[in-house]
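Subject: The structure I promised

Hi,

Here is the structure we talked about. Have a look at it first, then read on for my notes.

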Amino acid sequence: MATGETGFSDVVYDLISVQYHSLKAGHDYGQYVRDAENANKKEIAEFFRGVMEQDSERAARCHHFLAELSGTKEAGPAVG
């Protein structure tokens, strides 16, 4: 399995990156929901809630895959 400059597999790095960005975006979307609610735009607020839920599910799937790779040779140099 190829490794990037971090020494960890590209797949692990990619999963961590997607998980981070999904969680960060989910945090930001909370503000978007509040902004839409404050503007009395309920349909838009629901849209942002749906997007936030999708990112939450995406982060959870990344977590699942990372747990599967943890402790394997595919994970990277932290494997003993």
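Below is what I found in it, area by area.

First, some housekeeping: this is a predicted model, where local features need pLDDT of at least 70, side-chain atom pairs count only at pLDDT 80 or more, and totals for chains, interfaces and linings use all residues. Residues are numbered from 1 along each chain as its sequence is written, and side-chain values use heavy atoms, with hydrogens and water left out.

Let's start with the core. The largest nonpolar core has five residues: Val-12, Leu-15, Cys-62, Leu-66 and Leu-69. (A nonpolar core here is a set of buried Ala, Val, Leu, Ile, Met, Phe, Trp, Tyr and Cys residues joined through side-chain atoms within 4.5 Å; buried means under 20% relative accessible area, exposed over 50%, and partly exposed in between, with a 1.4 Å probe and protein chains only.) Helix 1 (10-38) and helix 2 (42-69) each supply at least two of these residues, and the largest share, three residues, comes from helix 2. Helices are DSSP runs of H or I, at least four residues long, numbered from the N terminus. As background, nonpolar side chains tend to be buried together in soluble globular proteins.

Asp-14 is also part of helix 1. Its relative accessible area is 42%, so Asp-14 counts as partly exposed. From Asp-14 to Cys-62 the C-alpha distance is 9.3 Å, with their positions 48 residues apart along the chain.

Next, Ser-22, another helix 1 residue. Is Ser-22 buried or exposed? With 5% relative accessibility, Ser-22 is buried. Its side chain makes a 2.9 Å approach to the backbone oxygen of Val-18. Leaving aside neighbours within four places in sequence, Ser-22 is in contact (heavy atoms within 4.5 Å) with Asp-55, Arg-58 and Ala-59.

Finally, the aromatics. Rings of Phe, Tyr and Trp (its six-membered ring) pair if their centres lie within 6.5 Å; planes under 30 degrees apart are stacked, over 60 edge-to-face, and the rest tilted. That rule gives three aromatic pairs. One of them is Tyr-29 with Tyr-32, a tilted pair at 5.5 Å centre to centre and 55 degrees between the planes. These two tyrosines are about one helical turn apart, because three residues separate their positions in helix 1. Tyr-29 is buried at 18% relative accessible area, whereas Tyr-32 is partly exposed at 35%. Both belong to one aromatic cluster with Phe-47 and Phe-48.

Cheers

Definitions and conventions: Polar contact = N/O pair within 3.5 Å; in protein donor to acceptor, adjacent residues only side chain to side chain.
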